[in-house]
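Student: Could we go through this model together? I would like to see how each label is earned from its cut-offs.

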Amino acid sequence: MAETVIQNNCDALIIGGSAGSLDVLLEIFPHLSPKINFPIIIVTHRKASNESLLTYLLQSRTKLKVTEAEEKQVLEGGNVYIAPADYHLLVEQNKTISLDYSEKVNYSRPSIDVTFESAAEVFKQNLVCILLSGSNGDGVDGLKTVNNYGGKVVIQDPKSAVMPYMPQQAITYVSPHLIVDCVTMADYINKLNS
Amino acid sequence: MVINDVISSDQVEVLLNDVLEVYGYDFLEYSHASIKRRITRLFLLDKFVSFAEFRYVVKTDKQYFKRFLEEITVNVTEMFRDPQFYKALRQDVLPNLGTYPFIRIWVAGCSTGEEAYSLAIVLSEINLLHKSLIYATDINPLVLEKAKKGMFPLTYLKGYSENYLQSGGSKEFSSYYIANYSLAKFDQSLSAKMIFSTHNLASDHSFNEFQLILCRNVLIYFDKDLQHKVFNLFDSSIEKLGYLALGSKESLDFWSGAKNYKRIRTEKIWRKL
């Protein structure tokens with residue numbers, strides 16, 4: 001039987017992170033290529049009160065369009081969607097966003113697991129998920145699902161993380177396709193789909 | 001726990017069709033990803049061994065169906081959620097209703113009642129509660145039973161009290177309830193102005209005319225068609241110059257009737273023109 005798997009196809013990139021992940025995002029965003037043609041979803045744990053601050057901070061560092069995700073919004077290439085504080089973000093089969101105010105998962109809303117899991121089912125082998133620094137176990141189960149569906153699992157090198165617990169857990173329980181540090185992460189993202 | 005693929009999307013459809021056929025509840029127009037996640041969560045929580053078994057129990061066990069209904073609908077709520085929203089109600093919305101001889105308010109999808117009680121507290125502080133009536137409805141009879149009791153876990157009250165103060169409340173929040181073991185029981189004078197009833201936004205009709213409808217974080221679970229159906233239902237239930245209040249991520253924007261509504265400055269509150 002012929003192997004027809006396309007190696008580098010990326011239909012969506014999701015980046016999840018908790019404590020210590022903002023530094024990474026701020027570092028990589030200025031280096032992201034304006035030619036990126038897949039949607040990027042960012043899920044980070046943060047207080048409900050700093051709502052628009054993250055959107056503003058990231059927008060000021062990239063030419064890609066950064067917005068806070070809205071429910072029923074259609075994911076479009078080259079756009080960055082930030083999961084709103086206090087809502088889970090799920091991806092529907094028709095590539096629209098659903099928001100959800102159900103119970104916290106891993107003490108978190110938005111939960112990285114919830115977004116990874118729902119997107120894994122939609123984008124299958126064309127999904128890339130990156131898990132950044134953090135101090136709880138959120139994201140690990142989600143990465144397992146991404147793995148099961150053939151998506152790419154990328155984990156920040158715990159040695160480069162302010163809070164190594166989360167990426168370390170992920171490395172222990174999921175076999176990653178790649179472990180990257182902050183310096184090479186932007187380069188890796190720019191080369192997806194090219 | 002890897003929860004995908006425990007139940008497939010096709011199986012979700014099968015189950016929801018059963019539920020419609022046997023019990024008359026229509027969840028087919030709910031956002032799929034989110035309802036699938038809740039069904040899978042319940043399946044794992046209750047340790048079913050196969051989808052066939054799960055399906056059989058849901059179809060045939062009326063008692064279990066109550067649990068099913070409670071678990072697949074999201075009942076997460078709190079008092080004075082988004083304090084700025086309640087501040088806007090207190091300052092910009094409710095005072096305009098003060099000239100009416102009688103104020104009818106509908107809290108649609110009230111869950112366990114936290115928003116209805118919050119609203120009653122604001123109304124009492126601006127001296128309108130005596131001539132108000134709050135209709136609190138939900139699809140789910142079990143949560144309404146809890147709402148009627150007006151008892152909320154004491155552990156949440158510290159957070160609620162902070163919300164209350166941020167929303168512009170100036171009294172001692174503890175003056176509204178009596179702490180009893182692990183529960184806070186809210187004052188009877190608040191619940192005396194509430195009517196609790198089941199109402200299914202997906203299938204039931206309008207039942208009155210209101211000056212204010214609150215429906216927060218309910219529509220996010222519906223697909224666009226059902227959202228628009230519900231907006232039409234609300235439209236036929238709001239008096240001219242009445243208000244519609246939605247959750248912070250919900251919007252009237254893509255609904256054809258939106259042109260007849262004007263949004264107030266900051267919050268997700270619209271006034272019917």
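Tutor: Gladly! Let us start where the chains meet: 28 residues of chain B are in contact with 26 residues of chain A, contact being heavy atoms within 4.5 Å. This is a predicted model, where local features need pLDDT of at least 70 and side-chain atom pairs count only at pLDDT 80 or more, while totals for chains, interfaces and linings use all residues. Residues are numbered from 1 along each chain as its sequence is written, chains are lettered from A in the order in which they are written, and side-chain values use heavy atoms, with hydrogens and water left out.

Student: What is the area buried between chain B and chain A?

Tutor: About 2,300 Å², with carbon and sulfur atoms giving 46% of it. Buried area is the accessible area (1.4 Å probe) that two parts lose on being put together, summed over both.

Student: Why is the pair Arg38(B) and Glu103(A) called a salt bridge?

Tutor: The rule asks for a side-chain nitrogen of Lys or Arg within 4 Å of a carboxyl oxygen of Asp or Glu. Arg38(B) and Glu103(A) have an N to O distance of 3.0 Å, so the pair meets the cut-off of 4 Å. Across the interface, the rule finds five salt bridges.

Student: Which element gives the most to the side of chain B that touches chain A?

Tutor: H2(B), with seven residues. Helix H2 (32-45) and helix H10 (224-235) of chain B are the elements that give two or more residues to that side; helices (H or I, at least four residues) and strands (E, at least two) are DSSP runs, numbered from the N terminus.

Student: What makes Phe80(B) count as buried?

Tutor: Buried means under 20% relative accessible area, exposed over 50%, and partly exposed in between (1.4 Å probe, protein chains only). Phe80(B) has 0% relative accessibility, so it counts as buried. Phe80(B) is found in the loop between helix H4 (62-72) and helix H5 (83-93) of chain B, and its phi is near 50°, a positive value in a residue other than glycine.

Student: Why is a positive phi worth pointing out there?

Tutor: Because most residues other than glycine have a negative phi. Asn217(B) also has a positive phi, near 60°, and lies in the loop between strand S7 (210-215) and H10 of chain B.

Student: How do you know that Asn217(B) is buried?

Tutor: Its relative accessible area is 9%, so Asn217(B) falls under the 20% limit.

Student: Which peptide bond is cis?

Tutor: The one from Arg109(A) to Pro110(A), with omega near 5°. Pro110(A) is found in the loop between strand S6 (97-100) and helix H3 (112-123) of chain A.
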